[in-house]
Amino acid sequence: MAFVDEITINAQAGRGGNGVIRWLHIKGTEKGGPAGGDGGKGGDVILEGVADLAALAPFRFEKKFRAEDGGAGENNNRHGRDGEPVILKVPVGTIARVTATGEEFDITRIGEQITVFVGGAGGKGNARFKGSTNQNPFKQTDGKTGEGGDIQLSLKLIADAGFVGYPNAGKSSLLNALTNAKSKIGAYPFTTLDPHLGSFYGRILADIPGLIEGASGGRGLGSKFLKHIERTKIIVHLVSAEQEDLAAAYRGVRAELESFGHELGGKKELVVLSKADLLGSDELASALAALSAASGKGVIPVSVVDDELLKSFSNTLSKSLAQ
């Protein structure tokens, strides 16, 4: 199923049940006083956080939801049945925005439930209107309409580390090597359409699709996926040893991060020279020096086919995530 991270749905909370006019029937008399019960409350619209990143995908096919209406009041002052809520499961990291009001709800924990629309209150039965001046009221009220409207759902991945870099920087291969993820890889420049996640000693790593120049301004798919780095603790910035100008490649991605805003430019960054196995020792030393000068940081060489380099990077990443 295709990855969906933005979608708009429509949901309606249930209407409250009507109050009723009923009477106590006492043997030998026609009436024994008002006994109409109140209507039940309409069901709420609730969002529930789940671990499944694909949870928004089914909303492509079903976009309208309605909670159950409350039941009407009953005899003998019995309250009508409350309507069942409609519970919509969304991935943890989803921000729900009510289109009409702009109110936002942030789902950050598995199992967390947030009520977006409240069901309508039930109407009052005639027993509610009995008073000293009106012993037998012929009055009731109808239930109220529940809240409802469009909800914009937008997923922002909650990951401990996000891998960024130009297409073919080796992000997918490195994610696969460090975790049990099965991210698509290829020997040519392309932009992965979906973010991929993997578990790294209990931490979540995200392979963010490759950026292109102008991504922060909406060119390509870059701006669509840059938002997924907003909540990551560490940015792992990969620059491929295949790049002719390592410094320019590094600065290009940094420019997109900083242009996008949302404090991406200030996040902790690990600078990584990927595919280091393609370089001889002298070339490697020169590449590391050039990338270090461009970034102002120490650079970590890595290769998915070099166990020693991979182990060293794994240890560095683990320590950085623990800090």
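**A pocket, two open sheets and a helix pair**

The second largest pocket encloses about 190 Å³ of space. The structure described here is a predicted model, and this pocket makes a convenient place to begin. Its lining draws on several stretches of the chain: Val50, Ala51 and Leu53 take part, as do Pro91, Val92 and Ile110. Leu157, Ile158, Ala159 and Asp160 also line the second largest pocket, and Leu197 and Ile204 complete the list. Sorted by class, the lining comprises 11 nonpolar residues and 1 charged residue, with no polar residues.

Attention turns next to the sheets. One of them is an open sheet of 6 strands with mixed pairing, and its strands follow the order β10-β11-β9-β12-β13-β14. The edges are occupied by β10 (196-200) and β14 (299-301); each of these has a single partner strand, so one side of each is left without a neighbour in the sheet. From one strand to the next, the twist in this sheet averages 25°. Within the sheet, strand β9 (residues 161-164) and strand β11 (residues 203-207) run parallel and are joined by 3 bridges. Ala161 offers a handy landmark for readers following along in the model: its bridge partner in β11 is Leu205.

Another open sheet is formed by 5 strands, arranged in the order β3-β1-β8-β5-β6, and here the pairing is mixed. Its edge strands, β3 (64-66) and β6 (104-106), each pair on one side only. The twist of this 5-stranded sheet averages 25° from one strand to the next. Strand β1 (residues 6-12) runs parallel to β3, and 3 bridges join the two. One pairing to look for is that of Asn10, whose bridge partner in β3 is Lys64.

The helices bring a packing arrangement of their own. Two packed helices are described by the angle between their axes and the distance between the axes. For helix α1 (residues 171-178) and helix α5 (residues 307-322), the packing angle is about 80° and the axes lie 11 Å apart. Angles of 65 to 115 degrees count as roughly perpendicular, so α1 is roughly perpendicular to α5. On the α1 side, Leu174, Ala177 and Leu178 make the contact, and they meet Leu310, Phe313, Ser314 and Leu317 of α5. By class, the contact between α1 and α5 consists of 6 nonpolar residues and 1 polar residue, with no charged residues.

How values were computed. Residues numbered from 1 in each chain as written. Predicted model: local features only at pLDDT ≥ 70, side-chain atom pairs only at ≥ 80, totals over all residues. Heavy atoms only, no water. 1 Å grid on protein atoms, 1.4 Å probe; cavity = no way out; pocket = protein on both sides within 12 Å on 5 of 7 lines; lining within 4 Å. Points joined across faces, edges and corners; volume = space filled by probe spheres on them. Nonpolar A, V, L, I, M, F, W, Y, C, P; charged D, E, K, R; others polar. Pairing = 2+ DSSP bridges. Helix = DSSP H or I, 4+ residues; strand = E, 2+ residues; numbered from the N terminus. Axes fitted to C-alpha atoms, helices over the stretch in contact; angles between N-to-C directions. Parallel < 35°, antiparallel > 145°, perpendicular 65-115°, else oblique. Contact = heavy atoms within 4.5 Å.
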